[in-house]
Amino acid sequence: MTLATIKNLIDGARASRTAVRLGRIACTLALASFSILAVSLNGHATEKAPSLVVNAARIIGEEARTRIVMDFNEEPEFEVHYLDAPARIVVDFPAVGFSFPTKDLAPTGLFSDIRFGSMGEGSARLVLTAKKPVQVAIAETKVEDEGKVFRFVLDTEIATKQKFADLLKNQNWQALAPATTASVTPDIVQKSSRQSDFMIAVDAGHGGIDAGAKGGVTGTDEKVITLTFAKQLADRLNQIPGIKAFLTRDDDVFLALSERVTLARQQNANLFISIHADTLKQKGIRGATVYTISDRASDRMAQDLAERENLSDQIAGVAVQNAQPEVADILLDLTRRETQAFSVTLAENIVKSFEGQVGLINNPHRYAGFQVLRAHDVPSVLLELGFLSNPDDEKLLLDEKWRAKVADTLAVAVTRYRAQALANGG
Ligand SMILES: [Zn+2]
C-alpha cells in the first residue's frame, strides 16, 4: 500500500467524523447519559450501553511493527491522529462499548501504554503511546464472518523523527485541548444557587478513558469509587444551610485537568475538593492524605503521586498546550499566596476532623505540584481517601457506611473552615 492510499484512507475517515469532533467538547459536559459499562459500586448497570461494541481485541508485534485488531459488531467510523511528547497515535470513534478484557490490549511491541474508553457522550478514544516515532501504515475495517464481524485493523510501524514530525505538522486536527471550556454550560451545576451561598466544587478524580488506579482485590476502578464518593459528599454538603456543593462530573466522562479547574472558577467556587484513591508500590501504606499545591513536593511519595495524576490528560490524548507565559502580576501573586494559605487551613481542618474517626497516613497533610489544584483564586485540596493498593483500604472504599462517615467528617471540616473564612472576611 502506498503512502498516498493510506492518506486517502485516513482522510476519508476523518471527513466523516468532523461533526462528531466539533461536538465533542460541548458533549463532554452535556447531559451525558452514555458511558461504557458504567456499573455502580453495588453492581447495577446504571447507563444504557452504546450500540457499537467491540467484542474482541488483540495486539501483536515487535519493536518495528505492531498490529492492533478490534472486532466490532457494526462498521465503525474512525479518525486517526498523532500527538507529540510522547509520540502517540489517537483513534477516535463514536460511542463504543469495549466488551473485552483490558489485558487483551496490554501494551507490547512499539507501545508502552494503551488506553481506551469514553471521551464524553457520543465519542470514544483509543490512545497508543509509542516508545519511538511511529506511523500508521494501515487503518481500515474489513467485513468478516459473512458480515457479522467488522474487523478494524491498525498497522503501525516505526518512523524516522522527521517523518513523525511531518505527520504531526500536516494533519488537519484540532486536538481536544485544555482551556477551551469557556463556552461550556455545566448543566450539572444546580441553577438555584444564590450568590451568597458558599459554593463547593466536588471533583471526582479521573473518568471515561482515564480509569485511574485499580483495586488489587476486586479490580474496581478508581474512577468509579471517586464518582460514587463525590456524589455522596455533595449530597451531604448540600444538607448544610448556606452551602451549595456541585460536581465537576456526574457521569463516567473524561475531563481534562484544566476543565475541572475552569468549572470551579466559572461557578465562583469558594472551595475545590478533588477526590482520589490511588495505588502505591508500598502495599502496607494505608489511610487518608490531604494534599495542597506547592512547587516543591513535601516528599518523594507526594511528588510521584502528583506526577502520575498530572498524566491524566496525556492518557486521554489531550494535546499538551504550551503554557502561557505567566505575566508578572503582583496582584495575581498576592491572590495566589492568600489562596494557598486558605488551602492549607482547609487541609488542616480536614486532618483535625479525621483524627480518631477516619484512618490517616503518617504526616497526613502533604504537598506537591498537582495541576488540578492550580486555580489561583480557589482554595483547593486533593483528598486521597485511602489506597487501592492496600486490601484493607480497598474494603473500606467499597463500604457505603464507611464512605458516609467520611462524608460526615468532611462536612464538619468544611463547616469549621467556612466559619474561619467568614471570620477572616471571606
Ligand atoms: Zn487518582
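Phe98 and Phe116 are both buried in this predicted model. Their ring centres sit 5.0 Å apart with the planes at 45°, so the two rings count as a tilted pair. Look at where they come from: Phe98 belongs to strand β5 (residues 97-98) and Phe116 to strand β6 (residues 111-120), 18 residues apart.

There's another tilted pair to find, made by Phe198 and Tyr417, with 6.4 Å centre to centre and 55° between the planes. This one links distant parts of the chain, with Phe198 in strand β10 (residues 198-204) and Tyr417 in helix α10 (residues 400-423), 219 residues apart. Are these two buried or exposed? Phe198 has a relative accessible area of 7% and is buried. Tyr417 has 3%, and is buried as well. In total, the structure holds eleven aromatic pairs. Some rings gather in a group, too: Phe72, Phe78, Phe93 and Phe152 make up one aromatic cluster.

Now for the metal. Which residues coordinate the zinc ion? His206 (NE2), Glu222 (OE), His276 (ND1), Asp278 (OD) and Glu309 (OE) do, at 2.1 to 2.4 Å. Along the sequence, these donors follow the spacing H-x15-E-x53-H-x1-D-x30-E. Take Glu222 and Glu309 as an example: Glu222 is in helix α4 (residues 222-237) and Glu309 in helix α6 (residues 300-309), 87 residues apart. Both of these glutamates are buried.

Two of the zinc donors, His276 and Glu309, turn up again when you look for empty space. The structure holds two cavities of 30 Å³ or more, and the largest has a volume of about 80 Å³. Its lining has 15 residues, with Leu257, Ser274, His276, Glu309 and Val372 lying nearest the centre. Helix α5 (257-266) and strand β12 (271-276) are the elements that give two or more residues to this lining. Sorted by class, the lining comes out as four nonpolar, seven polar and four charged residues.

Helix α5 deserves a closer look. Seven of its ten residues are buried, which leaves the helix mostly covered. The buried ones are Leu257, Ser258, Glu259, Arg260, Val261, Leu263 and Ala264. After α5 comes Asn268, which has a positive phi, near 50°.

Last up are the charged side chains. Side chains of opposite charge can pair when their charged atoms come close. The count here is 18 salt bridges, and the table shows some of them.

| Salt bridge | N to O distance |
|---|---|
| Asp71 and Arg151 | 2.8 Å |
| Lys142 and Glu140 | 3.8 Å |
| Arg236 and Asp408 | 2.6 Å |

The bridge between Asp71 and Arg151 spans 80 residues, from strand β2 (residues 65-72) to strand β9 (residues 149-158). Asp71 is buried, with a relative accessible area of 10%, whereas Arg151 is partly exposed at 23%. For Lys142, the relative accessibility is 37%, so that residue counts as partly exposed.

Arg236 lies in helix α4 and Asp408 in helix α10, so their bridge ties together parts that are 172 residues apart in sequence. Both ends are partly exposed: Arg236 is at 24% relative accessibility and Asp408 is at 36%. Finally, salt bridges that share partners join Arg58, Asp71, Glu144 and Arg151 into one network.

Terms used:
Residues numbered from 1 in each chain as written. Predicted model: local features only at pLDDT ≥ 70, side-chain atom pairs only at ≥ 80, totals over all residues. Heavy atoms only, no water. 1 Å grid on protein atoms, 1.4 Å probe; cavity = no way out; pocket = protein on both sides within 12 Å on 5 of 7 lines; lining within 4 Å. Points joined across faces, edges and corners; volume = space filled by probe spheres on them. Helix = DSSP H or I, 4+ residues; strand = E, 2+ residues; numbered from the N terminus. Nonpolar A, V, L, I, M, F, W, Y, C, P; charged D, E, K, R; others polar. Donors = N, O, S within 2.8 Å, 3.2 Å for Na, K, Ca; no water. Buried < 20%, exposed > 50% of the residue type's maximum accessible area, 1.4 Å probe, protein only. Phe/Tyr/Trp six-rings, centres within 6.5 Å; stacked < 30°, edge-to-face > 60°. Salt bridge = Lys/Arg side-chain N within 4 Å of Asp/Glu carboxyl O.
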